[in-house]
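Please look through the sequence and the structure shown below, and then read the report that follows, which takes up one topic at a time.

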Amino acid sequence: MCGRFIMTVDFEMIKAAFRLRAELYDLQPRYNIAPGQDIPVITNTPGGREISPMRWGLIPHWAKDTKIGYKMINARAETVGEKPAFKGAFRRRRCLIPASGFYEWKKEGKVKQPMLITLPGEKVFALAGIWEHWLAPDGSMVYSCSIITTKPNKYLEGIHNRMPVILAGEQEYEPWLSLDDPLFLQHLLRPYEGDMSVYPVTTRVNSPLDDDPGLIEPHDD
DNA sequence: CCAGACGTTGTT
DNA sequence: GTCTGG
DNA sequence: CCAGACGTTGTT
DNA sequence: GTCTGG
């Protein structure tokens with residue numbers, strides 16, 4: 001699955017990688033992004049691609065309160081088009097979530113070892129997501145999102161049985177954001193086929209409050 | 001029809 | 001054990 | 001994902 | 001809002 005990730009690249013890199021229009025809100029490097037926090041999300045708008053903060057953990061429009069979002073941090077690729085909580089978003093509200101790495105916890109006996117997964121060169125990449133809007137009782141609109149998961153590739157299969165969907169470049173970003181063909185969209189939601197790096201990191205990364213880059217301790221393998 | 005859930009992962 | 005908050 | 005709380009009434 | 005279970 002995907003329960004934590006990092007986003008450490010600067011905005012000029014993001015702007016170029018995702019062909020964004022000029023306006024970017026003020027983003028800081030983050031090394032330990034947790035569910036429930038606001039994360040940068042890229043969507044298609046009539047004026048082009050925009051990036052804006054959304055709460056991680058999708059809140060369906062019919063929800064009575066925001067609590068349900070904590071259970072909706074991931075959506076399975078195999079069923080995202082059918083589940084009542086996700087199907088509308090899958091049809092009409094898809095997004096890209098920029099990341100430079102994500103964590104998976106490998107179970108080694110009783111111990112859970114956090115692993116950081118990155119792409120070669122610490123390159124920024126796009127997680128496939130869906131988003132929703134929810135009208136709060138006070139009249140404000142809450143935007144939220146979920147990260148889609150799939151089976152692990154060869155780098156992850158020894159670590160965990162799910163991994164987030166990574167879209168492989170502009171040739172996949174554009175159809176994911178704008179195409180209206182459920183079969184093709186489904187086809188994009190497959191395990192990433194490119195190279196990856198996998199490093200054990202200190203268990204201090206477990207704290208959701210800790211946004212300190214000093215926590216990452218790459219090992220040689 | 002109404003009532004109640006609406007999710008994933010992992011563990012047993 | 002299960003839920004909430006981060 | 002992990003960490004930390006998990007409850008009510010009434011009194012200060 | 002929409003689906004599932006009874």
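## The surface near DNA strand E

This is a predicted model, and in it DNA strand E is surrounded by H61, W62, P84 and K87. Sorted by class, the surface near this strand has two nonpolar residues, one polar residue and one charged residue. Of the atoms of DNA strand E that lie within 4 Å of the protein, 36% belong to sugar or phosphate, while the rest belong to bases.

Two polar contacts can be described in detail here. A polar side-chain atom of W62 lies 3.4 Å from a base nitrogen of DNA strand E, whereas a polar side-chain atom of K87 lies 3.1 Å from a phosphate oxygen of that strand.

## The surface near DNA strand B

Around DNA strand B there are 17 residues, of which K71, R76, K107, H160 and N161 come nearest. Of the atoms of DNA strand B that come within 4 Å of the protein, sugar and phosphate account for 74%. By class, the surface near DNA strand B has seven nonpolar, five polar and five charged residues, and its largest share, three residues, comes from strand β5, which covers residues 74-76.

Several side chains approach phosphate oxygens of this strand. An N or O atom in the side chain of R76 is 2.4 Å from a phosphate oxygen of DNA strand B, a polar side-chain atom of T149 lies 2.8 Å from a phosphate oxygen, and for T79 the corresponding distance to a phosphate oxygen is 3.5 Å.

## The nonpolar cores

The largest nonpolar core has 64 residues, and those with the most contacts inside it are F102 and W176. Strand β9, residues 125-135, provides the largest share of this core, namely seven residues. A second, separate core has six residues, including W105, L116, V201 and V205.

Leaving aside residues up to four places away in sequence, F102 touches a number of residues, among them C2, R4, F5, M115, F125, L156 and M196.

## Cysteines without disulfides

A disulfide is a covalent bond between the sulfur atoms of two cysteines. How many disulfides does the structure hold? It holds zero disulfides, and C2, which is in none, has its nearest cysteine sulfur, that of C145, 11 Å away.

Why is C145 not bonded to C95? The sulfur of C145 is 5.5 Å from its closest cysteine sulfur, in C95, and this is too far for a bond, because a disulfide needs the two sulfur atoms within 2.5 Å. C2 is buried, with a relative accessible area of 0%, and C145 also counts as buried, at 0% relative accessibility.

Note on methods:
Residues numbered from 1 in each chain as written. Chains lettered and ligands numbered in written order. Predicted model: local features only at pLDDT ≥ 70, side-chain atom pairs only at ≥ 80, totals over all residues. Heavy atoms only, no water. Near = heavy atom within 4 Å. Polar contact = N/O pair within 3.5 Å; in protein donor to acceptor, adjacent residues only side chain to side chain. Nonpolar A, V, L, I, M, F, W, Y, C, P; charged D, E, K, R; others polar. Buried < 20%, exposed > 50% of the residue type's maximum accessible area, 1.4 Å probe, protein only. Core = buried A, V, L, I, M, F, W, Y, C linked by side-chain atoms within 4.5 Å. Helix = DSSP H or I, 4+ residues; strand = E, 2+ residues; numbered from the N terminus. Contact = heavy atoms within 4.5 Å.
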